[in-house]
Amino acid sequence: MNCIFCKIIAGEIPSFKVYEDEHALAFLDINPVALGHTLVVSKKHFTNLENIPEEDLCNLMVAVKKVGLGLKEGLDVEGYNLQENNDPVAGQIIPHIHFHIVPRAEGDNLHLWPQGRYEEGEAEETARRIKQAII
Ligand code: AMP
Ligand code: ZN
């Protein structure tokens with residue numbers, strides 16, 4: 001399979017590893033948003049949240065939690081953002097599930113998405129449409 005992250009897991013492409021267990025591998029993002037920006041990837045290849053089985057997702061999240069704590073301790077950061085880009089329209093470039101852990105610092109000027117407001121009745125209708133589609 002021609003997947004960059006599978007190749008990193010197999011040791012065919014080098015990476016700066018920070019954590020590894022039976023289910024997950026964590027390594028530095030090659031183009032960091034902030035110092036220590038880390039990717040936590042499932043060792044099994046799944047494209048994204050839609051097709052990773054629950055048990056594998058839980059195992060991956062356990063690793064994400066450990067690495068997040070490690071980043072705080074090791075790099076002395078106060079907090080971090082966790083991001084999973086789901087599908088290309090949301091910025092997912094590598095179709096192998098991974099969570100970004102981005103360390104944050106006061107005044108780092110990293111702006112998250114701008115927020116808006118709902119028009120009258122729009123929130124009710126939006127919530128209704130989502131609710132009826134959740135299985
Ligand atoms: P996404 O846009 O969520 O698919 O994120 C993919 C991330 O993988 C990007 O932030 C890239 O900088 C990162 N990336 C791509 N190739 C490598 C690599 N060989 N080693 C480490 N990070 C990589
Ligand atoms: Zn893969």
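## The loop between β4 and β5

Aspartate 87 lies in the loop between β4 and β5, and in this predicted model its phi is near 85°, a positive value in a residue other than glycine. Most residues other than glycine have a negative phi. With a relative accessibility of 31%, aspartate 87 counts as partly exposed, because that value falls between the limits of 20% for buried and 50% for exposed.

Alanine 90 is also found in the loop between β4 and β5, where, at 40% relative accessibility, alanine 90 counts as partly exposed. Although alanine 90 and lysine 66 are 24 residues apart along the chain, their C-alpha atoms are separated by 26 Å. Histidine 96, which belongs to the loop between β4 and β5, is by contrast buried, with a relative accessible area of 0%.

## Overall architecture

The protein contains three helices and five strands, and these elements follow one another along the sequence in the pattern α-β-β-β-α-β-β-α. Along its principal axes, the C-alpha trace spans about 50 × 40 × 25 Å.

Of the 135 residues in the protein, 30% are buried. Among the contacts with a separation of 6 or more, 51% are accounted for by residues 24 or more positions apart.

## The zinc site

Which residues coordinate the zinc ion (ligand 2)? The donors are the SG atoms of Cys3 and Cys6 together with the ND1 atoms of His45 and His96, at 2.0 to 2.3 Å. The angles among the four donor atoms of the zinc ion (ligand 2) run from 101 to 117°, and the site is tetrahedral. In sequence, the donor residues of this ion are spaced C-x2-C-x38-H-x50-H.

The pair formed by cysteine 3 and histidine 96 links distant parts of the chain, since cysteine 3 is in the segment before α1 (4-9) and histidine 96 is in the loop between β4 (79-83) and β5, 93 residues apart. Cysteine 3 counts as buried at 5% relative accessibility, and histidine 96, at a relative accessible area of 0%, is buried as well.

## Nonpolar cores

In soluble globular proteins, nonpolar side chains tend to be buried together. The largest nonpolar core here has 13 residues, of which Val40, Leu60, Ile97 and Ile101 touch the most other members. At least two residues of this core are supplied by each of β2 (24-28), α2 (54-75) and β5 (98-104), and the largest share, five residues, comes from α2.

The surroundings of valine 40 can be described in more detail. Leaving aside its neighbours within four places in sequence, valine 40 is in contact with Ala24, Leu25, Ala26, Leu60, Ala63, Val64, Val67, Ile97, His98, Phe99 and Ile101. Apart from the largest core lies another, of eight residues, among them Cys3, Leu25, Phe27 and Leu39; Cys3 is also a donor to the zinc ion (ligand 2) through its SG atom.

## The β1–β2 hairpin

Strand β1 (residues 17-20) pairs with β2 in the antiparallel sense over three bridges, and β1 and β2 form a hairpin with three residues between them. Within this pairing, phenylalanine 27 in β2 is the bridge partner of lysine 17; Phe27 is also among the residues of the core of eight.

## A buried aspartate in α2

Helix α2, which supplies five residues to the largest nonpolar core, also holds aspartate 56. Is aspartate 56 buried or exposed? Aspartate 56 has a relative accessible area of 14% and is therefore buried, because the limit for that class is under 20%.

The side chains of aspartate 56 and lysine 44 are joined by a polar contact of 2.8 Å. When its neighbours within four places in sequence are left aside, aspartate 56 is in contact with Lys44 and Phe46.

## A positive phi between β5 and α3

Asparagine 109 has its place in the loop between β5 and α3 (122-133), and its phi is near 60°, a positive value in a residue other than glycine. At 61% relative accessibility, asparagine 109 counts as exposed, because the value is over 50%. Aspartate 87, whose phi is near 85°, counts instead as partly exposed.

Conventions:
Residues are numbered from 1 along each chain as its sequence is written. Chains are lettered from A and ligands numbered from 1 in the order in which they are written. This is a predicted model: local features need pLDDT of at least 70, side-chain atom pairs count only at pLDDT 80 or more; totals for chains, interfaces and linings use all residues. Side-chain values use heavy atoms; hydrogens and water are left out. A nonpolar core is a set of buried Ala, Val, Leu, Ile, Met, Phe, Trp, Tyr and Cys residues joined through side-chain atoms within 4.5 Å. Buried means under 20% relative accessible area, exposed over 50%, partly exposed in between (1.4 Å probe, protein chains only). Helices (H or I, at least four residues) and strands (E, at least two) are DSSP runs, numbered from the N terminus. Contact means heavy atoms within 4.5 Å. Two strands pair if DSSP finds at least two bridges between them. Donors are N, O and S atoms within 2.8 Å of the metal (3.2 Å for Na, K and Ca); water is not among the atoms, so sites may look incomplete. Four donors count as tetrahedral if all angles lie between 85 and 135 degrees; four count as square planar and six as octahedral if opposite donors are over 155 degrees apart and all others between 65 and 115; anything else is irregular. A polar contact is a pair of N or O atoms within 3.5 Å; within protein, one must be able to donate a hydrogen and the other to accept it, and residues adjacent in sequence count only if both atoms are side-chain atoms.
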